[in-house]
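Please work through the following exercises on a strand and a pocket, with the structure open beside the text. Each task is followed by a solution that proceeds step by step.

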Amino acid sequence: MARWQALVAGRQLRRTLSVTTLAPGMVGVRLHAWPSFVDRVGLQDTVVGQPATDGSATATRRLDWISLDPSRFSGRVVQGDGLLDTSLPPEDGQPNLACVRLSGGYFNFLQRACPDRPEHLSIGPSRGRGGALRAALPLPTAYAGDYCELAFPDGSSLACAPLLGEQGEPVFAARADGDPRYRLPPDFSFERGDQVAPGVLWHAHDANPRAAISVPTVTGKGARIRLVAAPMDQRTCAGSGWTLSAFSGALARLDRLQDPPNVSLNLDGGESVALSAWAGGRPLLDSRQTLRPRRVGNLIEFRATPPSRSPRLVRCVKLGS
């Protein structure tokens with residue numbers, strides 16, 4: 001009986017968790033499970049049940065990520081003079097290089113942050129290659145203290161919010177506890193046409209598709225960068241999505257896979273969530289919220305580079321006050 005139970009458990013684990021080497025220095029991981037089963041794979045902080053009456057307490061959740069060796073991959077922010085298609089591989093004459101792309105920071109989606117400025121503009125300070133400042137919209141004043149600058153070795157950067165994990169602790173979960181700024185106002189109504197402006201964190205308490213990046217604080221053996229996508233199977237079922245507090249716990253747990261722990265930042269979620277990888281011109285992984293991808297204002301991209309003994313790290317700098 002024990003052997004049979006072990007066999008069944010092994011099959012469940014293989015259906016729940018898959019780990020695949022996609023290219024040298026690039027590993028893809030997919031976790032898709034019921035809350036009660038996730039503790040078997042050592043990531044019990046990543047999926048937590050939520051009391052509900054709509055069946056969401058037994059819903060499955062997804063957490064997909066690509067783990068990168070920072071000595072083999074270098075990152076940058078991709079921006080342009082218009083919206084970007086997250087489903088397309090880079091078109092720059094280097095199709096054989098392994099490449100990963102993840103939806104980036106908040107942008108002026110449907111011009112909801114500023115109706116008289118272009119839709120592709122980022123929320124918060126943004127820099128292109130070489131550190132040149134790009135046109136952008138200001139940070140929402142009430143949430144300026146939640147924002148960090150994510151800066152890459154080529155000088156490009158973007159603003160992201162909130163900080164999810166630091167020193168292995170779910171810092172946003174602690175920050176948001178009981179704070180009304182991270183909940184929809186009592187008189188808010190989607191049915192009435194109310195909207196959440198891009199960059200405003202009213203959505204924190206609601207279950208949504210999420211995206212994040214986890215970056216090392218020091219170089220060394222075992223350092224890994226993780227690009228994370230968490231699509232929802234059912235947008236109408238809260239149990240298949242993530243509040244930002246629960247997501248903060250998930251990313252803090254992933255951060256602790258390193259010693260010292262990584263630091264993790266939330267990225268643009270909802271219908272924008274898209275994580276894709278290519279190598280040799282072939283698609284290797286595609287994790288997104290919608291089959292027809294939303295066009296976004298910016299992307300985070302990592303490409304294979306010659307191995308380096310002293311890789312330049314992605315830096316996380318706190319903005320606001």
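**Exercise 1.** In this predicted model, determine which residue of β12 stands opposite Trp65, and how β3 and β12 run.

*Solution.* Begin at Trp65, which stands opposite Val228 in β12. Then extend the view to the strands themselves: β12 spans residues 225-230, and 5 bridges join this strand to β3 in an antiparallel arrangement. Finally, turn to strand β2 (residues 26-33), which also pairs with β3 in the antiparallel sense, over 8 bridges; here Ala33 stands opposite Arg61 of β3.

**Exercise 2.** Decide whether the residues on each side of β3 are buried or exposed, and state what follows for the strand.

*Solution.* In a regular strand the side chains alternate between the two faces of the sheet. Sorting β3 by direction, Arg61, Leu63, Trp65 and Ser67 point one way, while Arg62, Asp64, Ile66 and Leu68 point the other way, and all of them are buried. Taking buried to mean under 20% relative accessible area, 8 of the 8 residues in β3 (residues 61-68) qualify, so the strand is largely enclosed by the rest of the structure.

**Exercise 3.** Characterise the second largest pocket by its volume and its lining.

*Solution.* The second largest pocket holds about 310 Å³ of space. Its lining comprises 14 residues, of which Gly75, Arg76, Arg129, Asp154 and Glu301 are the closest to its centre. Next, assign the lining to strands: β4 (73-85) and β16 (295-304) each supply at least two residues, and β4 gives the most, with 6 residues. Lastly, sorted by character, the lining has 2 nonpolar, 6 polar and 6 charged residues.

Conventions. Residues numbered from 1 in each chain as written. Predicted model: local features only at pLDDT ≥ 70, side-chain atom pairs only at ≥ 80, totals over all residues. Heavy atoms only, no water. Buried < 20%, exposed > 50% of the residue type's maximum accessible area, 1.4 Å probe, protein only. Helix = DSSP H or I, 4+ residues; strand = E, 2+ residues; numbered from the N terminus. Pairing = 2+ DSSP bridges. 1 Å grid on protein atoms, 1.4 Å probe; cavity = no way out; pocket = protein on both sides within 12 Å on 5 of 7 lines; lining within 4 Å. Points joined across faces, edges and corners; volume = space filled by probe spheres on them. Nonpolar A, V, L, I, M, F, W, Y, C, P; charged D, E, K, R; others polar.
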